[in-house]
Amino acid sequence: MTSPLAFLYVRRRRFPLAGAFFTPGNLTGAALLHALAALCADVSCWPARSQRRNSRSLARVLGILAILFDSLKEPFAPSPSSPFPPRFPPSAVLCLRELYIFVYRTKLLLEYCSQSSRLWLLMRSPQISGYFHDLSQELATLLEVLPVDDLRLAADVREQIELLRRQCRRSKLCLDPNEEDLRQKIHSFLGEFETMKAPDPVDLRNTFFDRLGIRDARACRMEIEFLEEQIFNQEEDLDPSIISGVIALTRYCRFSLFGFQEMEVARPFSDQGKISRKRLLSQGSSVSQGSGDFSLTIPKDFCCPISLDLMEDPVVVSTGQTYDRSSITQWIEDGHRTCPNSGQTLSNNRLIPNRALRSLISQWCAAYGIPHETPDGADASAESIVAACTSKAATEANRATARILVQQLSVGSQESKAVAARELRLLAKTGKQNRSFIAEAGAIPLLFRLFRSTNLMAQQNAVTAILNISIHDGNKSLIMEEEGCLRLIVNVLRHGLTGEARENAAATLFSLSAVHDFKKTIVDEEGAVVGLANLLMQGSQRGKKDAVMALFNLSTHPDTWSRMLDLGAVSALLEALKDEGVAEEALGALALLMRQPVVAQAVGSEDAAIASLLEMMRRGTPKRKENAVAALQEMCQRGGLPVRQKVARTPMLGGLIQTIVFTGTKRARRKAALLARMCQGCDSPAAMAYGNEWSPSRALARSSSSRGSSFRSGDASVSMSRAVRVPVL
């Protein structure tokens, strides 16, 4: 069985013959001949996963060329670095250099065929056959201009070269009849799904198991991951909707043919046994723990070739090499225009996310308890790409797969239920239709049963599946109406077996709280607000983001304000102002909560809280400053005269208001002017700083006219991101 990593590397994202190639400048004389002979030997070792007829033909060609190179290098045995003898005319040297490029391109094509997935090669069979034909025509041209007469070859070698020249000249495009029949068979399966009819299981087994050699669940998973990469890369010439259909067909076969045999349900270490990523990387590529025999080595392919650290966001450059995004971005920004690994010139600066490798790194980190953050926004873009490529055949195949998975959730073993939950999680990751028919199949109550599971991954996958399903607006009410569902979500939020389960429970509450009628219900659920507040103060960066977004949503309902103060949400939001990653969202929630007088009075009574809001007005992004001045203005307006006087007496307030009035956003300037008017009635340093001649409304008018804009009545809403994070795994 091929290693799962085999699909991730070399140049599978590029057309195998794309790009410009050059013979290395340091190869001269006998060194070039030795390099040619070695390259031929290397290329002949690549096994063919498809295109067997073309591959065998190309192997014979390389065998003849190897004989040619061996016969030419014999005079150079004493000194490999010696120059070519006089019997080598310049035209022969040039041809040898071109032959080096030919053999190298041959190697790339055979690597492509060896390391790509079977289904991908099958669907692109005509194009790949064209690549083989192009190489044959290229060799025919090279042999036409090769000065055979001047090379003084042995008679038998010369005869083989002449025969090869004639064969290449007469070569035609060769399409394997068996592969063409298989390709049509796959299309016929997709056609059956389009008519809402499932293909015959016997026919499917014969095609996948016997003819394609896809014989177990792991092989199906590898095929799916490879094909998904091609959709995300969007660089090949095959219709993405066809690829999405083949992916859905393979996923259906994975369960209808091979059942729920599973080798990949990871059981990560407990939180107490976690190894921090910083500690792991600080000790090189190997870590030993305590005095025991446990030793952990980072797989070489998971490390960035530039930084040598575990990659957080692996991306692929135009040469096909993979690097960590931060490292290669810095490399390019420093003015480099070449690939650090290969030395080839970068044709463009586009960085393509290597999702399959990122997924493997995340799984490896989870298995060994190593924290690993997924880049924000990566999954949202991936979802939009996949959703745009969905075909009717893919939709119906996924629907049939969902029915199989839901049935397994109902009657399967505990291990099978864990697998089914994970697959539903992945299936619900993309596409409104997938989320809709998973719910229609009855998955929601069955997934909730796994919330109580003692299997770490079963619980985590069930929670994440519910999160993904909840993104579809039509499913939110189905989830909330399920008896006891909210209590189970909150229980995982507070006592989940893994950090990701707790984070995704918070994200689920954020998703559900998008419906106004559910906000008060969530706040009234015992432990919900407390759990979010604890996660905001003690969770990972991603967990804090999920928690603060959920609290913001809940704070938009007026009936929840007093309750959130009593349950500690306001204190947690004030504490979150110290965290750069969530300060902006926390300020937005505070600005809404301050509209309740009791909240404004409670916050206004704390000098530290006022100091934090003023500090947020002084530094940060324009949106952060806007939310800070809005929170302060609401606090002064609703908190009464004592709060207003306390704020007005702050020495730095006057300068901050003037700065924001002239440089802030439209809403920030309006809020700052309102705050200034309230402070003018107070005997304070801030009021004195304005002076008798200074009028907030006049300054505001000057600022507005200079910007060519005007203010409208009414309060603008706090701008917040509404996107729910959908995990990759």
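This text leads through a predicted model, from the whole chain to its helices, aromatic pairs, cores and loops.

The protein chain holds 36 helices and five strands. Of its 729 residues, 54% count as buried. Among the contacts in the chain with a separation of 6 or more, 73% are between residues 24 or more positions apart.

Helix α25 shows how a helix can be mostly covered. It spans residues 541-555 and has 15 residues. From its first C-alpha to its last, α25 reaches 21 Å, close to the 21 Å expected at 1.5 Å a residue. Of these 15 residues, 13 are buried.

In two other helices, the placing of the buried residues around the axis can be described. Helix α33 covers residues 653-663, and its buried residues are Leu 653, Gly 654, Leu 656, Ile 657, Ile 660 and Val 661. These residues lie on the same side of α33, because they cover an arc of only 165 degrees around the axis. In helix α8, residues 201-211, the buried residues are Leu 204, Thr 207 and Phe 208. Here the arc is only 80 degrees, which puts the three on the same side of α8. What covers them includes α4 (118-123), α7 (177-194) and α10 (240-256).

The surroundings of α8 also contain contacts between charge and ring. The charged end of Arg 205 sits over the ring of Phe 209, at 4.5 Å from the ring centre. The charged end of Arg 215 likewise sits over the ring of Phe 209, in this case 5.5 Å from its centre. Gly 213, which follows α8, has a positive phi, near 80 degrees.

The helices that cover α8 reappear in the aromatic pairs. The count of such pairs comes to three. One of them joins Trp 120 and Phe 226; the pair is tilted, with 6.3 Å centre to centre and 55 degrees between the planes. Trp 120 belongs to helix α4 and Phe 226 to helix α9 (residues 217-233), so that this pair links distant parts of the chain, 106 residues apart. Trp 120 is buried, because its relative accessible area is 0%, which is under the 20% limit. Phe 226 also counts as buried, at 1% relative accessibility. Another pair consists of Phe 193 and Tyr 252, which meet edge-to-face at 5.3 Å centre to centre, with 85 degrees between the planes. Because Phe 193 lies in helix α7 and Tyr 252 in helix α10, the pair ties together parts that are 59 residues apart in sequence. Both Phe 193 and Tyr 252 are buried.

The nonpolar interior can be followed next. The largest nonpolar core has 185 residues, of which Ile 186, Phe 208, Leu 447 and Met 635 touch the most other members. Helix α3 (residues 90-115) gives the largest share of this core, 11 residues. Phe 208 has already appeared among the buried residues of α8. Leu 447, leaving aside its neighbours within four places in sequence, is in contact with Leu 409, Ala 421, Leu 424, Ala 462, Ala 465, Ile 466 and Ile 469. A second, separate core has 19 residues, including Val 317, Tyr 323, Ile 332 and Cys 365.

Ser 359 offers a further view of distant parts of the chain. It is found in helix α13 (residues 355-367). Ser 359 counts as buried because its relative accessible area, 11%, is under 20%. Its C-alpha atom is separated by 9.7 Å from that of Glu 225, although the two residues are 134 residues apart along the chain.

The last topic is backbone geometry in loops. Most residues other than glycine have a negative phi. Met 196 has a positive value, near 65 degrees. This residue lies in the loop between α7 and α8. Met 196 counts as exposed, because its relative accessibility of 60% is over 50%. Leu 308 also has a positive phi, near 65 degrees. Its place is in the loop between β2 (295-297) and β3 (314-316). Leu 308 is exposed too, with a relative accessible area of 63%.

Definitions and conventions: Residues numbered from 1 in each chain as written. Predicted model: local features only at pLDDT ≥ 70, side-chain atom pairs only at ≥ 80, totals over all residues. Heavy atoms only, no water. Helix = DSSP H or I, 4+ residues; strand = E, 2+ residues; numbered from the N terminus. Expected span 1.5 Å × (residues − 1). Buried < 20%, exposed > 50% of the residue type's maximum accessible area, 1.4 Å probe, protein only. Arc of directions from axis to C-beta. Contact = heavy atoms within 4.5 Å. Phe/Tyr/Trp six-rings, centres within 6.5 Å; stacked < 30°, edge-to-face > 60°. Lys NZ or Arg CZ within 6 Å of the ring centre and 35° of its normal. Core = buried A, V, L, I, M, F, W, Y, C linked by side-chain atoms within 4.5 Å.
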